[in-house]
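Here are a few exercises to work through with the viewer open. Try each task before reading its solution.

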Amino acid sequence: MASVTFDKATRLYPGGTKPAVDQLDIEIADGEFLVLVGPSGCGKSTSLRMLAGLEDVNGGAIRIGERDVTHLPPKDRDIAMVFQNYALYPHMSVADNMGFALKIAGVNKTDIRAKVEEAAKILDLTEYLDRKPKALSGGQRQRVAMGRAIVREPQVFLMDEPLSNLDAKLRVSTRTQIASLQRRLGITTVYVTHDQVEALTMGDRVAVLKDGLLQQVDTPRNMYDRPANLFVAGFIGSPAMNLVEVPITDGGVKFGNSVVRVSRDALAAAADRGDTTVTVGVRPEHFDVVEHGGGAGASLRKDDDSEAAGLAVSVNVVEELGADGYVYGSAKVGGDAHKDLVVRVGGRAIPEKGSVLHVVPRSDEMHVFSTSTGERLSDV
Ligand SMILES: Nc1ncnc2c1ncn2[C@@H]1O[C@H](COP(=O)(O)OP(=O)(O)OP(=O)(O)O)[C@@H](O)[C@H]1O
Ligand SMILES: [Mg+2]
């Protein structure tokens, strides 16, 4: 087992003008489960392949433990990789597939058998050891691919979208299995996915990439509670955070007809740059639904932190999920233009399509970003 360090690691593909991975800096602790996540083409696989030694590094360094592996061939790095398509040998039995790397390494037959049986027990594959891959389900094949990595007892596991061939239900159960297996084995793991739910549920920490540039590395909780910029704010969380550009006014921001108080420091930082607006972010679950009494524009909620009239959201679509539901509507938030909003409501309080819902964003849960640079200004 070992730590893994990306030290300003850069990959510029031949003929490219812009690096696919640009000065990537991440320190992964011994035994940690780190997830690389981001949209298609952001450089996840390239980063993983650089660590595996399958891709040249054009700048910076990669270390496994204290060892600089930047220019070592893959076989000398003591890593095992699980690919999206599993790449099992069709003509070999499950046991032979799992033991193949050990056979190549010259390990004797008895030891191979013992290691394969042990891994099969962990992965619940014992009864399938003599079958060929084609006689297995997708989930079982995925476990064979895991088994092949486990028997090598590497210092680092690398996984590139290993669940993408599984159906939705199996994906959920397998992700739990992989996460708990990794914790049990304690092997440092770098896991690539484009699915932010997978990233949040599996990772000790999550690294978000965009256009080859690292946006934020953090625990799932911090990533959700304190996204570092507008990109992360919009990418992490489902349904996505509502992001609305609003004018700065005295003491707060103008949200619909009302002034909502937000961090003074955040507004000062925006004003310092000469911005007259900020972009506020409100997660769907951070709106309070208020009774619409007392006529238009009435102040519907007053407390120490906020003073706001309910924002009128015209309900376009309602998604009922049982325990709760999501309302997709539109509202006049900043200026005259209508803005689409998503609001989470309780399962027993789902409004009718076509009705109007009055909501108030919780000021202590509002995120404030610079409209011009996208960076986070609030520190709540
Ligand atoms: N062999 C290559 N030669 C040139 N460019 C490449 C090569 N492989 C990848 N790229 C480019 O590098 C960028 C990053 O690709 P990469 O495969 O790392 O993305 P990814 O984040 O894994 O995406 P996905 O989620 O679609 O798998 C992309 O713009 C891609 O077109
Ligand atoms: Mg990829």
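**Exercise 1.** Work out how strand E1 (residues 4-11) and strand E4 (residues 59-64) are joined, and how they run.

*Solution.* Keep in mind that this is a predicted model. Start by counting bridges: there are five between E1 and E4. Next, check the direction, which is antiparallel. For a concrete pair, pick Val4 and look across to E4, where Ile64 is its bridge partner. As background, strands of a sheet pair through backbone hydrogen bonds, in either a parallel or an antiparallel way.

**Exercise 2.** Put the strands of the open sheet in order, then explain why one side of E2 and of E5 has no neighbour.

*Solution.* Reading across the four strands gives E2-E1-E4-E5, and the pairing is antiparallel. Now look at the edges: strand E2 (21-28) and strand E5 (67-68) sit there with a single partner strand each, so one side of each has no neighbour in the sheet. To finish, add helix H1 (residues 44-52), which lies across E1, E2 and E4. The helix runs at about 115 degrees to E1.

**Exercise 3.** List what surrounds ligand 1 and find polar contacts to its oxygen atoms.

*Solution.* First, collect the shell: Tyr13, Ala20, Pro39, Ser40, Gly41, Cys42, Gly43, Lys44, Ser45, Thr46 and Glu161. Sorting these residues by type gives four nonpolar, five polar and two charged. Then go through the distances to ligand oxygens:

- Ser40 puts a polar side-chain atom 2.6 Å from one.
- Ser45 has a side-chain N or O atom at 2.8 Å.
- Gly43 uses a polar backbone atom, at 3.0 Å.

Last, the cover: on its own ligand 1 has 640 Å² of accessible area, and the protein covers 54% of that.

**Exercise 4.** Find where Leu200 sits and which residues beyond its sequence neighbours it touches.

*Solution.* Leu200 belongs to helix H6 (residues 196-202). Skip everything within four places in sequence, and its contacts are Val206, Pro220 and Ile236. Then try Met223: it is 23 residues from Leu200 in sequence, with 8.6 Å between the two C-alpha atoms.

**Exercise 5.** Inspect the backbone at Pro239 and Glu153, and say which loop holds each.

*Solution.* Take the proline first. The peptide bond between Ser238 and Pro239 is cis, with omega about -5 degrees. Pro239 is in the loop between helix H8 (230-235) and strand E11 (242-249). Now for Glu153: its phi is near 45 degrees, a positive value in a residue other than glycine. Its loop runs between helix H4 (138-150) and strand E7 (156-160).

How values were computed
Residues numbered from 1 in each chain as written. Chains lettered and ligands numbered in written order. Predicted model: local features only at pLDDT ≥ 70, side-chain atom pairs only at ≥ 80, totals over all residues. Heavy atoms only, no water. Near = heavy atom within 4 Å. Polar contact = N/O pair within 3.5 Å; in protein donor to acceptor, adjacent residues only side chain to side chain. Areas by Shrake-Rupley, 256 points an atom, 1.4 Å probe, with all protein chains shown as cover. Nonpolar A, V, L, I, M, F, W, Y, C, P; charged D, E, K, R; others polar. Pairing = 2+ DSSP bridges. Helix = DSSP H or I, 4+ residues; strand = E, 2+ residues; numbered from the N terminus. Contact = heavy atoms within 4.5 Å. Axes fitted to C-alpha atoms, helices over the stretch in contact; angles between N-to-C directions.
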